[in-house]
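Q: I am new to this structure and would like a close look at one part of it. Please pick a single residue, start from there, and walk me outward through its surroundings in one connected answer.

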There are 2 protein chains.
Amino acid sequence: MKYTAHINVMPLKELLDPQGKAVNSGLHNLGLLHIQEVRIGKHITLNIEANSKEEAEQMTQEACKKLLANPVMEAFDFNVVEG
Amino acid sequence: MKYTAHINVMPLKELLDPQGKAVNSGLHNLGLLHIQEVRIGKHITLNIEANSKEEAEQMTQEACKKLLANPVMEAFDFNVVEG
């Protein structure tokens, strides 16, 4: 069966996010003064051919741990849906 | 009231995503052969001080259009939640 994984990889809360800070300033310069605490990470979608949702989730977890997220600096979460 | 916006900015479906292709190959090299069609975009979270959810959504939309997404190459969607 086909599954789609939606993965978010975000910088750890404890760490500074310079890209987020820069975008925060940019938004303020554009007049959006009520926006704060911008944090920027990655959103990854991928298709998986697997026998069950559990298997697809296991493969997604493995992909995140082995390649997609750097555990020193990033945390990930994901959601696997059918189709 | 405080709101949090979760924004996804993804490369348009019609366009090649070279970063996604590279990660796809990387995952195959790691033995994850059942993963296909990797696409990589940005996930952005930000806090908004607004009077209503509608106002927060409007500000998020404005931030996406003015700075966060490049409409020539990217599409965005977002979800605003309280707190």
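**A close look, starting from Ala56(B)**

A: With a relative accessibility of 0%, Ala56(B) counts as buried. Please keep in mind as we go that this is a predicted model. Ala56(B) belongs to helix H2 of chain B.

What does Ala56(B) touch, leaving aside its neighbours within four places in sequence? Ala56(B) is in contact with Tyr3(B), Ile48(B), Ala50(B) and Val80(B). Another residue to look for is Lys2(B): Lys2(B) and Ala56(B) are 54 residues apart in sequence, while their C-alpha atoms are 8.8 Å apart in space.

Let us widen the view to the helix itself. H2 of chain B covers residues 53-68, and its buried residues are Ala56(B), Met59(B), Thr60(B), Ala63(B), Cys64(B) and Leu68(B). Looking down the axis of H2(B), you would find these buried residues within an arc of 140°, so they line one face of the helix. A general point helps here: an α-helix has 3.6 residues a turn, so residues three or four places apart point the same way. The face of H2(B) turned away from the buried side carries Glu54(B), Gln58(B) and Lys65(B), which are exposed.

Which elements cover the buried residues of H2(B)? The cover comes from both chains. Chain B contributes strands E1 (2-11), E2 (35-49) and E3 (74-82), and chain A contributes helix H1 (18-29) and strand E2 (35-49), among the elements included.

One residue on the buried face deserves a short stop. Cys64(B) has a relative accessibility of 0% and counts as buried, and Cys64(A) is also buried, with a relative accessible area of 0%. If the cysteines make you wonder about disulfides, a search of the whole structure finds zero over all chains.

Now to the strands beneath our starting point. Tyr3(B) and Ile48(B) are two of the contacts of Ala56(B), and they are also linked to each other: Ile48(B), in E2(B), is the bridge partner of Tyr3(B). Their strands, E1(B) and E2(B), pair in the antiparallel sense over eight bridges. In chain A, E1(A) and E2(A) run antiparallel and are likewise joined by eight bridges, with Asn8(A) standing opposite His43(A) in E2(A).

The two chains connect through E2. E2(A) and E2(B) run antiparallel, joined by 11 bridges, and one example is Gln36(A), whose bridge partner in E2(B) is Asn47(B). E2(A) is largely enclosed by the rest of the structure, because 11 of its 15 residues are buried. On the other side of this pairing, Thr45(B) sits in strand E2 of chain B and is buried, with a relative accessible area of 15%. Not counting residues up to four places away in sequence, Thr45(B) touches Met10(A), Glu37(A), Val38(A) and Arg39(A) from chain A, and Ala5(B) and His6(B) from chain B.

Put together, six strands form an open sheet with antiparallel pairing, in the order E3(A)-E1(A)-E2(A)-E2(B)-E1(B)-E3(B). E3 (74-82) of chain A and E3 of chain B stand at the edges with a single partner strand each, so one side of each has no neighbour in the sheet. From one strand to the next, the twist averages 20°. H1(A) packs on this sheet, touching E2 of chain A and E2 of chain B, and its direction makes about 120° with that of E2(A).

Chain A has its own H2, residues 53-68, which lies across E1 (2-11), E2 and E3 of chain A together with E2 of chain B, running at about 155° to E3(A). Glu54(A) lies in this helix and is exposed, at 56% relative accessibility. The C-alpha atoms of Glu54(A) and Val80(A) are separated by 9.0 Å, with their positions 26 residues apart along the chain.

How do the two chains relate overall? A turn of 180°, with a shift of 0.0 Å along the axis, lays chain A on chain B with an RMSD of 0.0 Å. That is the relation of a two-fold axis. Of the interface residues of chain A, 100% are also interface residues in chain B, so the copies meet through the same surface.

Notes
Residues numbered from 1 in each chain as written. Chains lettered and ligands numbered in written order. Predicted model: local features only at pLDDT ≥ 70, side-chain atom pairs only at ≥ 80, totals over all residues. Heavy atoms only, no water. Buried < 20%, exposed > 50% of the residue type's maximum accessible area, 1.4 Å probe, protein only. Helix = DSSP H or I, 4+ residues; strand = E, 2+ residues; numbered from the N terminus. Arc of directions from axis to C-beta. Contact = heavy atoms within 4.5 Å. Least-squares fit on C-alpha atoms with pLDDT ≥ 70 in both. Disulfide = S-S within 2.5 Å. Pairing = 2+ DSSP bridges. Axes fitted to C-alpha atoms, helices over the stretch in contact; angles between N-to-C directions.
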